[in-house]
Amino acid sequence: MVATAEQLPDSQRIVITGVGLTAPNGNSYAEYREALLAGKSGVSDYEIRYIGETLAGICDYEATRYQKKRDIRRGTRAGSIGIYCAGEAIADSGLEWENIDKSMVGVYVGVTEHGNVETENEVYNLKGYDYDTSFWSHHHNPRTVANNPAGEICLTMGIVGPHYTIGAACAAGNAGLIQGAQMLRLGECDLALAGGVSESVHTFGIFAGFKSQGALAVHTDPTKASRPFDTQRNGIVVSEGGCIYTLERLSDAKKRGAKIYGELAGYAMNTDATDFVLPNPERQVQCMNLALKRAGMNATDIDIVSTHATGTTLGDQQECTAIRDVFGKSETTFINNTKSFIGHAMGAAGALELSGNLPAFQDGVCHATINVDDLDPACAIDGLVLNQPRELGKVQTILNNSFGMLGINSVVIIKKL
């Protein structure tokens, strides 16, 4: 039998002590939450080469807060987002960074893909030199290696402990959290910077790919384009963003009197093994149930389910089928979606969507899913919070779903302490 979080010693219990983020509708934990409760979308008109006019969720964070302009030019957008979020997470945590043993800090960053932005730009620029590769950027390799975003964080912050990125498609934000927790429990680090980042809006390829699938959202009003669960939904709004958490062992957090956002009470990952793109609700059910089992909880113990739903017809329906299977008999579980505000932030999605719900532990409010004018009957679930926030009074637990291409599923459960 697997021990639940409460049965573990404090040295094996993992808690969130800091949050750093940038989202299309906010560049801090407080600003982001305010936008979600106010129904403020972060989706806007956007234009990118070869695609032309489209829609996207664009971040407008202060990159030079933690980087010099020279380093921003040398590095990557994903790295810059990661550096900003990591710096904000450390600042939020109250840690005395100058006194931290940097050899015992681990950096675990989830990504959907990486390097496409820089490679596309370099190929585009190279054609101006008649494809003479002597003009190819000498920054190409460090920009495009898979560990780049985590590595750039370490370079900037002087971290000499372990770092790597976790390629887990759109389940990557949760996967980063899970990896950070595991490494803390193994004693490989004493502090983990964990979460996910996405630079997706800067690559035309991802827009072209979704467009060729018929899965790229269009709408005359950008703020209404991302509309999971609505009968008129027509696809994904591609977004960028990032969210990095400081994770610590409960024993260490208590020792320094840290504020604690919540405890990682349970988690699970599994694989559909059925299709490149289409999800398998049976495997999603298994993933949620395994996370509940590891947390020592029943479905009725969960107050908020943060859905992955992206705004595609089958994807939303399949996840709703899975959620109905697990939570259909729970009258105390409420369900929402954050992509309706910010679009799909790919590798950052899970981490960002969790951070949008964490404040419910303090304010007792479940933020809504916006843009649902006509609920798809196949997505109708008891407890779905639509268009207006719902006062719950007391929130103790959040279950966060993130699912990705090639059938990767991830579920994280956070508990209030």
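Start with the sheet: in this predicted model, 10 strands form an open sheet with mixed pairing. Colour the strands and follow them across in the order β5-β4-β6-β7-β1-β8-β14-β13-β9-β10.

Now go to the two edges by selecting 163-167 for β5 and 334-337 for β10. Each of these strands has a single partner strand, so one side of each is left without a neighbour in the sheet. While you have the whole sheet in view, look at how the strands twist: neighbours are turned by 25° against each other on average, direction ignored.

**Stop one: the helix on the sheet**

Select residues 172-186, which make up helix α7. What does helix α7 touch as it packs on the sheet? Its contacts are with β1, β4, β5, β6, β7, β8, β13 and β14. To check them in the viewer, add 105-111 for β4 and 262-271 for β8, among others. Then line up helix α7 with β6 (191-198): the direction of the helix makes about 165° with that of the strand.

**Stop two: β7**

Next, select 241-249, the residues of β7. Is this strand mostly covered or mostly open? Nine of its nine residues are buried, so to speak a covered strand from end to end. Turn the view to compare its faces: Gly241, Cys243, Tyr245, Leu247 and Arg249 lie on one side, with Gly242, Ile244, Thr246 and Glu248 on the other, and all of these are buried.

From here, step across to β6. The two strands, β6 and β7, pair in the antiparallel sense over seven bridges. A handy place to see this is Gly196, which stands opposite Cys243 in β7.

**Stop three: β1**

Select 14-22 for β1. This strand is mostly covered too, with nine of its nine residues buried. Toward β7, β1 runs antiparallel and is joined by eight bridges. Two positions let you follow that pairing: Val15 stands opposite Glu248, and the bridge partner of Gly18 is Thr246.

Now look toward β8. How many bridges join β1 to β8? There are two, and these strands also run antiparallel. Show Ile16 here, and you will find Gly262 of β8 opposite.

**Last stop: β13 and β14**

Finish by selecting 397-404 for β13 and 408-415 for β14. These strands run antiparallel and are joined by eight bridges. Label Asn401, then look for its bridge partner in β14, Val411. Bring helix α7 back into view as well, since β13 and β14 are among the strands touched by that helix.

Note on methods. Residues are numbered from 1 along each chain as its sequence is written. This is a predicted model: local features need pLDDT of at least 70, side-chain atom pairs count only at pLDDT 80 or more; totals for chains, interfaces and linings use all residues. Side-chain values use heavy atoms; hydrogens and water are left out. Two strands pair if DSSP finds at least two bridges between them. Helices (H or I, at least four residues) and strands (E, at least two) are DSSP runs, numbered from the N terminus. Axes are lines fitted to C-alpha atoms, for helices over the stretch in contact, and angles run from 0 to 180 degrees between N-to-C directions. Contact means heavy atoms within 4.5 Å. Buried means under 20% relative accessible area, exposed over 50%, partly exposed in between (1.4 Å probe, protein chains only).
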